[in-house]
Amino acid sequence: MGTIQTRNEMTSLEIFQQKYKNSFTVKDYLSEVGRTFHPKYWSYEVPIQLQHVLDNVHCIMGVVDELAEFYECVLNDESDEKQVRECGDIFWYLGNYCNFMEIAFEPDWTQDHEHGEYIYWFEKLLGIHKKELAYGKVPDKKVCTELVQYGIAYLYRHCMRLNSKPEEIMKMNLIFRKK
């Protein structure tokens, strides 16, 4: 006869899988994604007032880096599975960024943008946070929100072309990170 695990004996992955066995939403994703972001990666002492700025820059640099990998997958006509994994990595950085900036993780469906413009949106965000880091310029939250929402809309459309639900991609990415 098998033994029953208590909640204290379960791993964080097992707790996560049990909690979201039947349903998983973007709201759930945003509440969970921060638990896999480890700000202790800095190899040097960082003043408290810079931590938030560096976390934002780290997230946007991560988005741009993952976008390059994603774009390579598309250009090289790599498998849908590989493209889905790259989308998951982009969603992870975007989810953390949205949490740090306290902005909505929502696609902007009002405009249809040309393929490739998504890189511009994130390069623009990187420039905004570079100025924040270098010159102390406070980012315009409305502009940041708009840029992120355009990017998310593009990713959602691409996921749908791959016959993958964005929420499922987000969930799979978190499971991978919890292993």
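In this report, contact means heavy atoms within 4.5 Å. This is a predicted model, in which local features need pLDDT of at least 70 and side-chain atom pairs count only at pLDDT 80 or more, while totals for chains, interfaces and linings use all residues. Residues are numbered from 1 along each chain as its sequence is written, and side-chain values use heavy atoms, with hydrogens and water left out.

**Confidence**

The predictor's confidence in each residue is given as pLDDT, on a scale from 0 to 100, and the protein averages 81, with 83% of the residues scoring at least 70. Helices are DSSP runs (H or I, at least four residues) numbered from the N terminus; confidence is lowest in helix 1 (residues 12-19), at a mean of 78, and highest in helix 4 (residues 80-101), at 90. Where pLDDT is low, the predicted coordinates should not be read in detail.

**The nonpolar core**

A nonpolar core is a set of buried Ala, Val, Leu, Ile, Met, Phe, Trp, Tyr and Cys residues joined through side-chain atoms within 4.5 Å, where buried means under 20% relative accessible area with a 1.4 Å probe, protein chains only. The largest such core has 44 residues, and those with the most contacts inside it are Tyr29, Phe91, Leu94, Tyr97 and Phe105. Helix 4 gives the most to this core, with 10 residues. Leaving out residues up to four places away in sequence, Phe91 touches Tyr29, Phe105, Leu155, Tyr156, Cys159, Pro166, Ile169 and Met170.

**Helix 7 and Asp89**

Helix 7 (residues 166-178) has 13 residues and reaches 19 Å from its first C-alpha to its last, close to the 18 Å expected when 1.5 Å is multiplied by one less than the number of residues. Its buried residues include Pro166, Ile169 and Met170 as well as Lys171, Asn173 and Lys178, and what covers the buried residues of helix 7 includes helix 1, helix 2 (26-33), helix 4 and helix 6 (141-161). Asp89 lies in helix 4 and, at 16% relative accessibility, counts as buried; with residues up to four places away in sequence not counted, Asp89 touches Glu66, Asn173 and Arg177.

**Cysteines**

A disulfide is a pair of cysteine sulfur atoms within 2.5 Å, and by this rule the count comes to zero. For both cysteines in the table, the closest cysteine sulfur is too far for a bond.

| Cysteine | Closest cysteine sulfur | Relative accessible area |
|---|---|---|
| Cys73 | Cys87, 8.9 Å | 2%, buried |
| Cys98 | Cys59, 9.3 Å | 1%, buried |

Definitions and conventions
Helices (H or I, at least four residues) and strands (E, at least two) are DSSP runs, numbered from the N terminus. Buried means under 20% relative accessible area, exposed over 50%, partly exposed in between (1.4 Å probe, protein chains only).
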